[in-house]
Amino acid sequence: MLSSLASLVTESGFAAVFLMADGWKNLVMIAIACVLLYLGIKKQYEPLLMVGIATGCLLANVSALGGFGNALYHQELWNAFLDSTSPYHHSYGYIMANGGLIDLLYIGVKAGIYPCLIFIGIGAMTDFGPLISNPTSLLLGAAAQFGVFFAFFGATLLGFTGNEAASIGIIGGADGPTAILTTTRLAPHLLGPIAVAAYSYMALIPMIQPPIMNLLTTEKMRKVKMEQLREVTKTEKIIFPIVVTIFIVLLLPSTAPLIGCLMFGNLLKETGCTDRLSDVAQNALMNIVTLFLGLSVGATMVGSNFLNIQTIYIVILGLIAFSFSTIGGLLVGRLMYRLSGGKINPLIGSAGVSAVPMAARVSQRVGQKANPSNFLLMHAMGPNVAGVIGSAIAAGFLLSVFG
Amino acid sequence: MENGHLGIGAAFVDALLGYLVVFIGLILLMCVVIAMGKIMVASTKKAAATVKMTAPAPAAAPAPAAPKKLAPGSAGEVKLYDTDPRDAAMIMAIVADKLGKPLNELRFKSIKEVK
C-alpha cells in the first residue's frame, strides 16, 4: 500500500514540477495561461481567441507534467515531424497514432486549413462596399503594411533567420489567420509566441494607435469631414470578389489560399442566392474553427519552447510592427490629405492595418473626439478591408521568397 | 545568406521589394476597381437612357399619384440595410442628441449595419 502511495505521489504532476528537467517552465507557463485567461475574460482582449489560446496553453502544460502518455499535446512528436532526418518526417500517420486530442486538432493548423476557413468566415462578414466606392483606400491598405517589412528588417538585425524574420514581420499585418498561416509554413517553432503577440496587439489597438494618431496629425486634419460615399450596386459587389481573386492570385499565386478563401466567403455573402452557406460561414464554421485554432495554437506554448529570449524579441518586434504599420498608413493619409486639398481625413490611414473593424472604430473615435459631428467609420472601413488584402499580399510575397 | 540568415543588405532589399510589391499590387487593383466602377456607372446610365427612349408614350397622362404624406419637417425616407426600424430610430435619436440638433433638421440617407 505504501509503495502504491509512493508511486501515486511520484507520478503526479506536482512531483513532476520538481523532478522533470523543464518542470518549472511548465509551471511558469501555467501562470502565464492564467494571466491570459484573466486578460481575455476580465479585460475582454479578443476573448473569442484569447480564452481558447490560454486554455490550450494551460492544458498542454498541465498535461505535459503528467508524462508522455497523458499529454494532450506532444511537442516531441511535432519535433520529429519537422526533423528532416527523422523517419517520421512529415508523417501525419505517426501523429494520429500517438498524439493526444490537441495534436489531432493541431493538424488543421499545420496543414493551413484553419486560417483559410477563418478567411472564408471573414469574407462572409465583410462588406467591401466602402472600398469599391472609394478605391484609393487601397493605397492606405498598402501603406499600412510598412510595419511588416520594418519589423522583418529589424528581426534580421537581431539575428533571426529570413524565415523567422518574415513570420515575425507579418504580425504587423494585424491579421491573426495570416500570421498563423505564414508562421506555420516558414517558422512553425515560433507559432506560439507569434500568435499570442499578434492577437494581444490586435486587442490592444485602441491603446496603441490613438497616441500615434494624435502625434502624426494636427487638430485641423482630424476635424476634416469627408464627403458621403457613392452607392455601390449589387452587381459591382458580386463582380468584385471574382475580379480580385483572378487579378491578385494571377499576380502573386502564393496568395491563393488567403485571397481565394476571403473572396469566396464574400461571394457567398453577396450573391444573394447562397444565404444559407453565408450564414454557416459567418457563424457555425467561424465559431468551430476559432475554437480549434485557439486551443491548438495555445498548446504550442509549451514551457521548453516558449520561455526563451526569442519570445521577448518577438513581443517587442510585434509592437514595433504594429506601430510602424499605423505610422505608414497615417503618413500616406497625410499625403492624400494634401493632394486632395484637405478633403481626406488622414485618420482613416491608421485603419489600413487590417484588424477589422477595430482599427476603423479607432479612426472613428479619434475623429469624433476632434469633431463631434464627424462620422469616419464608413470611410475608414475602406482602408480597413484593403488592409486585409494588403496583408495577404505581403504574406504571399514573404511565402514566395522564403517558402 | 548563411544558414538562412540574411545579411543587412539582402534584408533591406527584400523589405523594400516586399513593400513595393504590396504597393504595386494594390495600385493595379485600384485601377481595376476604378475601371470596373466607371463601366458599371456608364452601363447603368446607358440602360436608364435606353429605357427612357424606348418607353412608349403614354396614351393619356396618368393622374399624378397623390404625394406621400411626410411627417412635418421630414426630408424623405431612410434606406435601411440589415437594420431594424426600431434600431434605426434609436440611432437617429442618438445622433441628433449627440449633435445637439433637432431630428427634423438632419437628413439621414441610409443606415447600414457594419458587421
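Thr178(A) is buried in this predicted model, with a relative accessible area of 0%. This threonine sits in helix 13 of chain A. Look past its neighbours within four places in sequence, and Thr178(A) still touches Phe119(A), Ile170(A) and Leu258(A). Its contacts also include Ser391(A), Ala392(A) and Ala395(A).

Step back along the chain to the loop between helix 12 (162-169) and helix 13 (176-186) of chain A, where Ala174(A) lies. Its backbone is worth a check. Most residues other than glycine have a negative phi, and most peptide bonds are trans. Ala174(A) has a positive phi, near 50 degrees, and is not a glycine. Ala174(A) is also buried, at 2% relative accessible area.

A second alanine shows a positive phi. Ala355(A) has a phi of about 25 degrees. Ala355(A) is placed in the loop between helix 21 and helix 22 of chain A. At 5% relative accessibility, this alanine counts as buried. Now look at the peptide bond between Val356(A) and Pro357(A). That bond is cis, with omega at about -10 degrees. Pro357(A) belongs to the loop between helix 21 (309-339) and helix 22 (358-370) of chain A.

Next comes helix 11 of chain A. This helix covers residues 146-157. How far apart are its end C-alpha atoms? They are 17 Å apart. At 1.5 Å a residue, its 12 residues should span 16 Å, so the two values agree. Is helix 11 of chain A enclosed or open? Nine of its 12 residues are buried, so the helix is largely enclosed by the rest of the structure. The buried residues include the aromatics Phe149(A), Phe152(A) and Phe153(A). Gly147(A), Val148(A), Ala151(A), Gly154(A), Ala155(A) and Thr156(A) are buried as well. What covers these buried residues? The cover includes helix 12, helix 21 and helix 23 (377-402) of chain A. Helix 1 of chain B is part of that cover too. Just after helix 11 of chain A, Gly159(A) takes a positive phi of about 100 degrees.

Helix 1 of chain B returns at the surface. A nonpolar surface patch of about 630 Å² brings together Leu251(A) with Phe12(B), Val13(B), Leu16(B), Leu20(B), Ile24(B) and Leu28(B). Which element gives the largest share of the patch? Helix 1 (residues 8-54) of chain B does, with six residues. Val13(B) is one of the residues found in that helix.

Turn to the charged pairs. Side chains of opposite charge can pair when their charged atoms come close. The count is seven salt bridges over all chains. One of them joins Asp127(A) to Lys112(B), at 3.4 Å from N to O. This pair crosses between chains. Asp127(A) lies in the loop between helix 8 (113-125) and helix 9 (129-133) of chain A, and Lys112(B) lies in strand 2 (residues 110-112) of chain B. Asp127(A) counts as buried at 16% relative accessibility. Lys112(B) is partly exposed, at 33%. Both residues belong to a network of salt bridges that also links Lys237(A).

Another bridge pairs Lys234(A) with Glu270(A), again at 3.4 Å from N to O. Lys234(A) is in helix 17 (residues 234-251) of chain A and Glu270(A) is in helix 18 (residues 256-271) of chain A, so the pair ties together parts 36 residues apart in sequence. Lys234(A) is partly exposed, at 44% relative accessibility. Glu270(A) is buried, at 3%. Glu270(A) also forms a salt bridge with Lys269(A), with the closest N and O atoms 3.4 Å apart.

Last, the cysteines. A disulfide is a covalent bond between the sulfur atoms of two cysteines. How many disulfides does a search of the whole structure find? The search finds zero over all chains. Cys34(A) is in no disulfide, and its nearest cysteine sulfur, that of Cys57(A), is 8.8 Å away. Cys34(A) is partly exposed, with a relative accessible area of 41%. Cys273(A) is in no disulfide either, and the nearest cysteine sulfur, that of Cys261(A), is 19 Å away. At 65% relative accessibility, Cys273(A) counts as exposed.

Definitions and conventions:
Residues are numbered from 1 along each chain as its sequence is written. Chains are lettered from A and ligands numbered from 1 in the order in which they are written. This is a predicted model: local features need pLDDT of at least 70, side-chain atom pairs count only at pLDDT 80 or more; totals for chains, interfaces and linings use all residues. Side-chain values use heavy atoms; hydrogens and water are left out. Helices (H or I, at least four residues) and strands (E, at least two) are DSSP runs, numbered from the N terminus. Buried means under 20% relative accessible area, exposed over 50%, partly exposed in between (1.4 Å probe, protein chains only). Contact means heavy atoms within 4.5 Å. A disulfide is a pair of cysteine sulfur atoms within 2.5 Å. Patches are made of residues with over 30% relative accessible area and no salt bridge: like charges are joined within 9 Å, nonpolar side chains (Val, Leu, Ile, Met, Phe, Trp, Tyr) within 5 Å. Accessible areas come from the Shrake-Rupley method with a 1.4 Å probe; for residues, only the protein chains shown count as cover. A salt bridge is a side-chain nitrogen of Lys or Arg within 4 Å of a carboxyl oxygen of Asp or Glu. The expected span of a helix is 1.5 Å times one less than its number of residues.
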